[in-house]
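Hi everyone, thanks for making room for me today. Please have the sequence and the structure open while I talk, and stop me whenever you like.

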Amino acid sequence: QMQLAESGGGLVQAGGSLRLSCEVSGFNLNRWNMGWFRTASGKEREFVAAIRWSGDDTNYVDSVKGRFTISRDDAKNTLYLQMNSLKLEDTAVYYCTANNAWPPRPWGGYWGQGTQVSVSL
């Protein structure tokens, strides 16, 4: 059974940093395109970042380029999202996904339960 479990969210001041983790079980994440999406209150799910199954390509939404970094540890079967210089508008529930599409789509595939990131002044 494929499972994804996010962690690392929390409350942080603007300008601060957080690292999200997504531990996967039941599959090897280096055989799937992996991504992060977020859903802010009252808004639709938004693509944030992705890493191709081969590990040789990444993709980011423009609003996080230069601030967020997606990575993975194959030995730990864990996906990460390093978030620096956080802004108020980064506040959302963040989800990781294993997806066949490239870049990953906001539907289909497998999803975690989400982790809340809240950025304050």
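Let's begin with Leu11, which sits in strand S2. Please keep in mind throughout that this is a predicted model. Is Leu11 buried or exposed? Its relative accessibility is 68%, so Leu11 counts as exposed. Setting aside residues within four places in sequence, Leu11 is in contact with Ser118 and Ser120. If you look for Gly112, 101 residues away along the chain, its C-alpha atom is separated from that of Leu11 by 20 Å.

Now move along to Gly16. This glycine lies in the loop between strand S2, residues 10-13, and S3. Gly16 counts as buried because its relative accessibility is 18%, and the cut-off for that word is under 20%. Which residues does Gly16 touch, if we leave out those up to four places away in sequence? They are Met83, Asn84, Ser85 and Leu86. Lys87 is 71 residues from Gly16 along the chain, and the two C-alpha atoms are separated by 8.4 Å.

Next comes Ser21, in strand S3. At 13% relative accessibility, Ser21 counts as buried too. Beyond its neighbours within four places in sequence, Ser21 has contacts with Ala5, Glu6 and Ser7, with Trp36, and with Thr78, Leu79 and Tyr80.

Right beside that serine in the numbering is a cysteine, so to speak our next stop. How many disulfides does a search of the whole structure find? The search finds one, and the partners are Cys22 and Cys96, with sulfur atoms 2.0 Å apart. This pair links distant parts of the chain: Cys22 belongs to strand S3 (residues 18-25), Cys96 belongs to strand S9 (residues 92-99), and their positions lie 74 residues apart in the count. The torsion about the S-S bond is about 50°, which is why the disulfide of Cys22 and Cys96 is right-handed. Both cysteines, Cys22 and Cys96, are buried.

That takes us inside. The largest nonpolar core has 33 residues. Met34, Trp36, Leu79, Leu81, Met83 and Tyr94 are the ones with the most contacts inside this core. You may recall two of those names: Trp36 and Leu79 are also among the contacts of Ser21. Which elements give two or more residues to the core? They are S3, strand S4 (33-39), strand S5 (46-51), strand S7 (68-73), strand S8 (78-83), S9 and strand S11 (115-120). The largest share, five residues, comes from S5. As a general point, nonpolar side chains in soluble globular proteins tend to be buried together.

Let's stay with S5 for a moment. Why call S5 largely enclosed by the rest of the structure? Because five of its six residues are buried. S5 also has partners on record here. S4 and S5 run antiparallel and are joined by five bridges, with Met34 standing opposite Ile51 in S5. The hairpin of S4 and S5 has six residues between the strands, and there Gly42 takes a positive phi near 80°. S5 is joined to strand S6 (residues 58-60) as well, by three bridges, and this pair runs antiparallel. Ala50 has Asn59 in S6 as its bridge partner. The hairpin of S5 and S6 has six residues between the strands, and Gly55 takes a positive phi near 80° in it.

Finally, let's step back to the whole chain. What is the chain built from? It has eleven strands and zero helices. The radius of gyration is 13 Å, close to the 14 Å that the globule rule gives for 121 residues, so the chain is as compact as a globular protein of that length. Along the principal axes, the C-alpha trace spans about 40 × 25 × 25 Å. Of the 121 residues, 44% count as buried. If you take the contacts with a separation of 6 or more, residues 24 or more positions apart account for 56% of them. As for the outside, the accessible surface comes to about 6300 Å², and 45% of that belongs to carbon and sulfur atoms.

That's my tour, and I'm happy to take questions.

Conventions. Residues are numbered from 1 along each chain as its sequence is written. This is a predicted model: local features need pLDDT of at least 70, side-chain atom pairs count only at pLDDT 80 or more; totals for chains, interfaces and linings use all residues. Side-chain values use heavy atoms; hydrogens and water are left out. A disulfide is a pair of cysteine sulfur atoms within 2.5 Å. Helices (H or I, at least four residues) and strands (E, at least two) are DSSP runs, numbered from the N terminus. Buried means under 20% relative accessible area, exposed over 50%, partly exposed in between (1.4 Å probe, protein chains only). A nonpolar core is a set of buried Ala, Val, Leu, Ile, Met, Phe, Trp, Tyr and Cys residues joined through side-chain atoms within 4.5 Å. The radius of gyration is taken over C-alpha atoms; the globule rule is 2.2 Å times the number of residues to the power 0.38. Contact means heavy atoms within 4.5 Å. Accessible areas come from the Shrake-Rupley method with a 1.4 Å probe; for residues, only the protein chains shown count as cover. Two strands pair if DSSP finds at least two bridges between them.
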